[in-house]
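Visitor: Got a minute to walk me through this one? I'd like to start with whatever catches your eye.

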Amino acid sequence: MLYAATFYYCRNVLSALTLLACLVLSGCQEDSRATKTSTQRASELADSRLDQATDGLLNTLGQARTHAGGAAIAPRELRWNAPLTREDGSALAPGQIAGFRIYFRLRHQASYQVIRIDSPSVTRYALDGLPAGAYEFTITTVDNEGLESRRSEPVAVDLI
């Protein structure tokens, strides 16, 4: 009897192990499909977040990306807001601003060129006159006493 009980026990253990192996293997197959879906979905989410971050940066800089046939079009105009404070935190009234200076270069060049804007009310600059290339732009504010602010963070613009 002991032999029969042991055999019966072993057969149940073997069945349980077989069942467990089937569950594990079927789970692995399902995980494999889920991983592919998750990787694809993660890529889509990453692309979406990158687009949102890019659009947010462009909006902060007063630029907008438009889509034509699904392709992004580089901005053909720089836009900015005049600052309300000086670097030390003190107020800067609009009447104290004399103008702006736009520094630009092709990204492979070391030195910047300067575009002077001698009007405090001009806060746009058309990029139509520049040849195609990968540019970097920064801007400064000049007050009525000729003091110039530090340059803004650079903005990369690809003109095609």
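**Rings, core and pocket**

Guide: Start with an arginine and a ring. R151 sits over the face of Y112, 4.8 Å from the ring centre. Bear in mind that this is a predicted model.

Visitor: Which other ring does R151 lie over the face of?

Guide: Y103. There R151 is 3.8 Å from the ring centre.

Visitor: Back up a bit. How many helices and strands does the protein have?

Guide: One helix and eight strands. Reading from the N terminus, the order is α-β-β-β-β-β-β-β-β.

Visitor: And what share of the residues counts as buried?

Guide: 19% of the 160 residues.

Visitor: Back to rings. How many aromatic pairs are there in the whole structure?

Guide: The search finds four. One of them joins W80 and F100: the ring centres are 5.5 Å apart and the planes meet at 70°, so this pair is edge-to-face. The cut-off for that class is over 60 degrees.

Visitor: Where do W80 and F100 sit in the chain?

Guide: W80 is in the loop between strand 3 and strand 4, and F100 is in strand 4. They are 20 residues apart, so the pair links distant parts of the chain.

Visitor: Is W80 buried or exposed?

Guide: Buried, because its relative accessibility is 12% and the limit is 20%. F100 is buried too, with a relative accessible area of 1%.

Visitor: Which residues do ring pairs link into a cluster?

Guide: F104, Y135 and F137.

Visitor: Now the core. How many residues are in the largest nonpolar core?

Guide: It has 17 residues. Those with the most contacts inside it are L78, W80, I102, L127, L130, F137 and V157. You have met two of these already: W80 in the edge-to-face pair and F137 in the ring cluster.

Visitor: Which strands each supply at least two residues of this core?

Guide: Strand 4, strand 5 (113-117), strand 7 and strand 8 (155-159). Strand 4 gives the most, with four residues.

Visitor: Why would nonpolar side chains be buried together?

Guide: That is a general tendency of nonpolar side chains in soluble globular proteins.

Visitor: Changing topic: pockets. What is the volume of the largest pocket?

Guide: About 630 Å³. It is lined by 30 residues, and the closest to its centre are I139, T140, T141, S149 and S152.

Visitor: Which strand gives the most to that lining?

Guide: Strand 7, with seven residues. Strand 3 (77-79), strand 4 (97-106) and strand 7 (133-143) each supply at least two.

Visitor: How does the lining divide into nonpolar, polar and charged?

Guide: Twelve nonpolar, nine polar and nine charged.

Visitor: Tell me about I139. Which strand does I139 lie in?

Guide: Strand 7. I139 counts as buried, because its relative accessibility is 18%, against a limit of 20%.

Visitor: How far apart are I139 and P154 in sequence and in space?

Guide: They are 15 residues apart in sequence and 8.2 Å apart in space, C-alpha to C-alpha.

Visitor: Next one, E153. Where is its place?

Guide: In the loop between strand 7 and strand 8. E153 counts as exposed, at 68% relative accessibility. From E153 to F137, the separation is 16 residues in sequence and 8.4 Å between C-alphas.

Visitor: And E77: which strand is that in?

Guide: Strand 3. E77 is partly exposed, with a relative accessible area of 26%. That class falls between 20% and 50%.

Visitor: How far is E77 from Y125 in space?

Guide: 5.5 Å, C-alpha to C-alpha. In sequence, E77 and Y125 are 48 residues apart.

Visitor: Last one. Where is L92 found?

Guide: In the loop between strand 3 and strand 4, where W80 also sits. L92 is buried, with a relative accessible area of 7%.

Visitor: How far apart are L92 and D143 in sequence and in space?

Guide: 51 residues in sequence, and 8.7 Å in space between C-alphas.

Note on methods:
Residues are numbered from 1 along each chain as its sequence is written. This is a predicted model: local features need pLDDT of at least 70, side-chain atom pairs count only at pLDDT 80 or more; totals for chains, interfaces and linings use all residues. Side-chain values use heavy atoms; hydrogens and water are left out. On a 1 Å grid over the protein atoms alone, a cavity is a set of points where a 1.4 Å probe fits but cannot get out, and a pocket is an open set with protein on both sides within 12 Å along at least five of seven lines; lining residues have an atom within 4 Å of a point. Grid points are joined across faces, edges and corners, and a volume is the space filled by probe spheres set on the points. Ala, Val, Leu, Ile, Met, Phe, Trp, Tyr, Cys and Pro count as nonpolar, Asp, Glu, Lys and Arg as charged, and the others, Gly among them, as polar. Rings of Phe, Tyr and Trp (its six-membered ring) pair if their centres lie within 6.5 Å; planes under 30 degrees apart count as stacked, over 60 as edge-to-face and the rest as tilted. Buried means under 20% relative accessible area, exposed over 50%, partly exposed in between (1.4 Å probe, protein chains only). A charge sits over a ring if NZ of Lys or CZ of Arg is within 6 Å of the ring centre and within 35 degrees of the ring normal. A nonpolar core is a set of buried Ala, Val, Leu, Ile, Met, Phe, Trp, Tyr and Cys residues joined through side-chain atoms within 4.5 Å.
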